[in-house]
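Open your viewer and get the selection box ready. We will go from stop to stop, and at each one I will tell you what to pick and what is there.

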Amino acid sequence: MNATITVLREQVKSFYLIQRLSLYQLKITNNNNYLGMLWEIINPLIQLSIYWFVFGFGIRGGKGVDGVPFVYWLSAGLLVWFFLNAAIPQSSKSIYTRLGIISKMNFPMSVIPSHVILSLLYQHLALLAVITIGFLLTGQGISLYYLQLPYYIFAAVMFVFSLSLITSTLTTVVRDIQMIVQSVMRMMLYLTPILWTPEKFSPKLQMLMKLNPMYYIVEGYRYALLGTGWFFEEGTYTLYFWAVVLVMLCIGSALHIKFRRYFVDYL
């Protein structure tokens, strides 16, 4: 627990640095593109259109989900998936790809995954704004359920940060971990109900699928954007999610504190 407190204190004390690094990361990522930041919106929208055509028309034949048009249901799920799918792999390799810089600078290494996650969060919020405007223009509207969005955004960030402390440490020591993370994320797109609905599965199998914390986040975004429920209605599942995040945070903090003094040795 002491390691967890140490890491969280470093995030608070270095928040200004994290902001500066995240904005710099965002700038250099899009520096060579004429459209710059717009590609962070264009690419996801192109992917969304393809998934909508293949799964919405090709597989589902235009049928909605519980009375909600499939395009809205799909957009809400893919919105958060684009963030998770980028943030988890990139944060997992954030330390070892910057070891040369880290060895020459004096700041807590725990801020490295944080600034990568924050730079991707900016993109996520921009895409969220575009999709919300799209919902408004096409008649979906905004409801009180949108008040949950900050909570689910925070949940997604905490989940990724807690996981990144584990994966970024292990990846620095054993580079093969990065390949495992990428492979798992490819599977998660299809093991998480983002492109398909789980109602045809047995209750036991659905319960097993809910052990995946990303399930909670994806469904939470749908609760907020589609107005289908409140987070406190899933009290037990909410407690389970935060218990998993807390355990990962404690394990990740302990690993990070233990090994970070040796990170430079892995140059």
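## First stop: Ser91

Select Ser91: setting aside its neighbours within four places in sequence, Ser91 is in contact (heavy atoms within 4.5 Å) with Pro113, Val116, Ile117, Val160, Ser164 and Ser168. Ser91 itself belongs to helix α4, residues 70-92; helices here are DSSP runs of H or I with at least four residues, strands are runs of E with at least two, and both are numbered from the N terminus. Ser91 counts as buried because its relative accessibility is 1%. For this tour, buried means under 20% relative accessible area, exposed means over 50%, and partly exposed is in between, using a 1.4 Å probe and protein chains only. Now add Ala87 to the selection: the side chain of Ser91 reaches the backbone oxygen of Ala87 at 2.6 Å.

Before moving on, please keep in mind that this is a predicted model, where local features need pLDDT of at least 70, side-chain atom pairs count only at pLDDT 80 or more, and totals for chains, interfaces and linings use all residues. Residues are numbered from 1 along each chain as its sequence is written, and side-chain values use heavy atoms, with hydrogens and water left out.

## Second stop: helix α2

Select residues 15-29, which make up helix α2. This helix has 15 residues and spans 21 Å from its first C-alpha to its last, close to the 21 Å expected at 1.5 Å a residue (the expected span is 1.5 Å times one less than the number of residues). Colour Ile18, Ser22, Gln25 and Leu26, which are buried in α2. They lie on the same side of α2, because they cover an arc of only 95 degrees around the axis, taken from the directions from the helix axis to the C-beta atoms. Turn to the other side of α2 to find Tyr16, Arg20, Tyr24 and Lys27 exposed. To see what covers the buried residues of α2, show its surroundings, including α1 and α6 (111-137).

## Third stop: the salt bridges

Side chains of opposite charge can pair when their charged atoms come close. How many salt bridges are there to find? Taking a side-chain nitrogen of Lys or Arg within 4 Å of a carboxyl oxygen of Asp or Glu, the count comes to two.

- Pick Arg260 and Glu10, whose side chains meet at 2.7 Å, N to O. This pair links distant parts of the chain, 250 residues apart: Arg260 is in the segment after α11 (235-259) and Glu10 is in helix α1 (residues 2-13). Both Arg260 and Glu10 are buried.
- Pick Arg222 and Glu219, where the closest N and O atoms are 2.9 Å apart. About one helical turn separates Arg222 and Glu219, because they are three residues apart in helix α10 (residues 213-226). Arg222 counts as buried, at 2% relative accessibility.

## Last stop: aromatic rings

The structure holds 16 aromatic pairs. Rings of Phe, Tyr and Trp (its six-membered ring) pair if their centres lie within 6.5 Å; planes under 30 degrees apart count as stacked, over 60 as edge-to-face and the rest as tilted. Select Phe159 and Phe241, a tilted pair at 6.5 Å centre to centre with 40 degrees between the planes. Phe159 is in helix α7 (residues 149-173) and Phe241 in helix α11, 82 residues apart. Phe159 is buried at 5% relative accessibility, and Phe241 is buried at 0%. Finish by adding Trp242, which forms an edge-to-face pair with Phe241: 5.2 Å centre to centre, 80 degrees between the planes. Trp242 is partly exposed, with a relative accessible area of 24%.

Technical notes. A polar contact is a pair of N or O atoms within 3.5 Å; within protein, one must be able to donate a hydrogen and the other to accept it, and residues adjacent in sequence count only if both atoms are side-chain atoms.
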